Amino acid sequence: MTLREKVGQLFMPAAFINDSEEEIQALEKLITEGNVGGICFFHSRASAATNFEGKKKIVKNEQSFNTLKNLIQRYQKVAKTPLLIAIDAEWGLAMRIENTPQYPYAITLGAIQDDELIFQVGKNIAKDCKAAGIHWNLSPVADINNNPNNPVIGYRSFGEDRNLVAQKALAYVKGAQSEGVPVSIKHFPGHGDTATDSHLGLPQIDKSKAELIQNELYPFQKLIDEGAEAVMVGHLSVPALAGNKNVPSSISKEIIKGVLRNEMGFEGVVISDALNMHAVSKNFPEKGELEWLAFDAGNDILCFAENTMEGIEKIVKNASEEQIEESFQRVYKLKEKFINHADNKAFLTDASPLNTAIAKKSITLYQGNASDIEQFRKEGFQIVCNSPEKAASFLNGLSFNNCSNVIEFKASKGTNHLLALFPPQIKPSNNFGFTLEELEKINVLLASENTVLYLFGNPYVLNHLQVDKAKAVVIAYQDFKEFQEVAQQHFLGNLQAIGKLPVTIEK
């Protein structure tokens, strides 16, 4: 390859499953002319990183999986050098693609004590990636979520304890590696203690280097020592690691070459977080400048580069041959080792048995005890929920399966209430999607001292609820059918809640 072709191998522009023919042809042209090394798939332009907060309407496509497989084959055909195909599949291909297996969020996995189940999640997701023709899963999240108001990590983290995060992430990593699928631990140097979404702005972490080594960097070091193939660098301002400069970590030589390479001993591939994210993109209007700065700082792969051709030219012009060769060799070794592992003749996994096993091990009794629930059940109860249509699997088989909507329900004195809550969204913005009226009605019920609550969603929702007077509070974490069925069995006294909440709720 020429030097310019080698630089092209360092670029990983975005590919969108639901693109128009014109957009598909434009990417084919870019792959050919730029000799790009890989592509990272997203569902659609409306769902991609900076539009992720629902600013554009996302059109559903029930055929996304077949479209994805066909596009991979089409893009591979025009590539001079085989493409490395990547995707974010933290909880499965379902993170990006309809009608594909969905596994639990990391926060749910953080609640279970059986790491073999997490190994199986990593393994199954890797199998699904191979079935699609994808080589590389840009997961797992190794961030420690120690900020309950984190707008973008939260449920994507295994928890708030450094040892737990390192242990659970490692089980996931080993599962993926057992299927020959490399991982990319993210978002270095740690996006957990932030209140800003780096898709939209630049978060700042004002901690000392000693504090960061003790906590944020700990899971990354453990996973590096255990053979993680790649590290994704986030867009975070961490002055203590960046020579007291307020510069994004993704373009900081001090952080990538200094801390990650020299101090932590990482020798694998460094990939940038998406370069279209507003934490960095809005500050570099000159096309190609951000790509050059990201490469010069130490990123080997430039993910979601929006100005690939201009970036190639800038790097060819500014970088030394030795600098280009170093990154090229790391990327090419990764490709040589893993590019033939995809198997698009394979079948997608069946998530249901594993999800049932995880549901049984994760369900958590946050407040109250089994005898309280048994007595409550014997006395009789009225079922109340915020989303009757979502609660079908939880209600099915109970003595009466109709559910009063919490907005319309008027509690009568002395009545027991079984409250099933399904938060409208998984992220904390706008009270997890609950209206203020809903929260008020829910809190009135909880204050009655005759309520047993089952929460099918992000446990941080409890920070918005006055649960101290509830008879019992049970966290089921997910609203999947399997988790609802397990929650019902728990309510009926047929199984124990053995999960442990991996984060702290403010009481």
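In this short talk I will go through a six-stranded sheet, the helices that lie across it, one helix pair and one buried threonine. Please keep in mind throughout that what we have in front of us is a predicted model.

Let me begin with the sheet, which is open, has six strands in the order S10-S15-S14-S13-S11-S12, and shows mixed pairing. At its edges stand S10 and strand S12, residues 404–405, and since each has a single partner strand, one side of each is left without a neighbour in the sheet.

Moving inward from S10, which covers residues 364–367, we find that this strand runs antiparallel to S15 and is joined to S15 by three bridges, with Leu-365 having Val-474 of S15 as its bridge partner. S15 also pairs with strand S14, residues 451–455, here in the parallel sense and over four bridges, and in this pairing Val-452 stands opposite Ala-472. Further along the sheet, strand S11, residues 382–385, and strand S13, residues 417–421, likewise pair in the parallel sense over four bridges, with Gln-382 placed opposite His-417 of S13.

Which way do the residues of S15 point? In a regular strand the side chains alternate between the two faces of the sheet. In S15, residues 472–475, Ala-472 and Val-474 point one way while Val-473 and Ile-475 point the other way, and all of them are buried.

Two helices should be mentioned alongside these strands. Helix H15, residues 370–379, lies across S10, S13, S14 and S15 and runs at about 115° to S14, whereas helix H18, residues 436–447, lies across S11, S13 and S14 and runs at about 145° to S13.

I turn now to a helix pair. Helix H5, residues 115–132, packs with helix H6, residues 162–177, at an angle of about 40° and with the axes 6 Å apart; the two are therefore oblique to each other, and their crossing is right-handed. The residues of this contact divide into eight nonpolar, three polar and four charged. Among those taking part are Ile-118, Phe-119, Gly-122 and Ala-126 from H5, and Ala-171, Tyr-172 and Gly-175 from H6.

Finally, a single residue: Thr-308 has its place in helix H12, which covers residues 308–318. Is Thr-308 buried or exposed? With a relative accessibility of 3%, Thr-308 counts as buried, because the cut-off for that class is under 20%. Leaving aside its neighbours within four places in sequence, Thr-308 is in contact with Phe-11, Pro-13, Leu-30 and Val-36.

Definitions and conventions
Residues are numbered from 1 along each chain as its sequence is written. This is a predicted model: local features need pLDDT of at least 70, side-chain atom pairs count only at pLDDT 80 or more; totals for chains, interfaces and linings use all residues. Side-chain values use heavy atoms; hydrogens and water are left out. Buried means under 20% relative accessible area, exposed over 50%, partly exposed in between (1.4 Å probe, protein chains only). Contact means heavy atoms within 4.5 Å. Axes are lines fitted to C-alpha atoms, for helices over the stretch in contact, and angles run from 0 to 180 degrees between N-to-C directions. Angles under 35 degrees count as roughly parallel, over 145 as roughly antiparallel, 65 to 115 as roughly perpendicular and the rest as oblique. A crossing is left-handed if the near helix is turned anticlockwise from the far one by less than a right angle, and right-handed if clockwise. Ala, Val, Leu, Ile, Met, Phe, Trp, Tyr, Cys and Pro count as nonpolar, Asp, Glu, Lys and Arg as charged, and the others, Gly among them, as polar. Two strands pair if DSSP finds at least two bridges between them.
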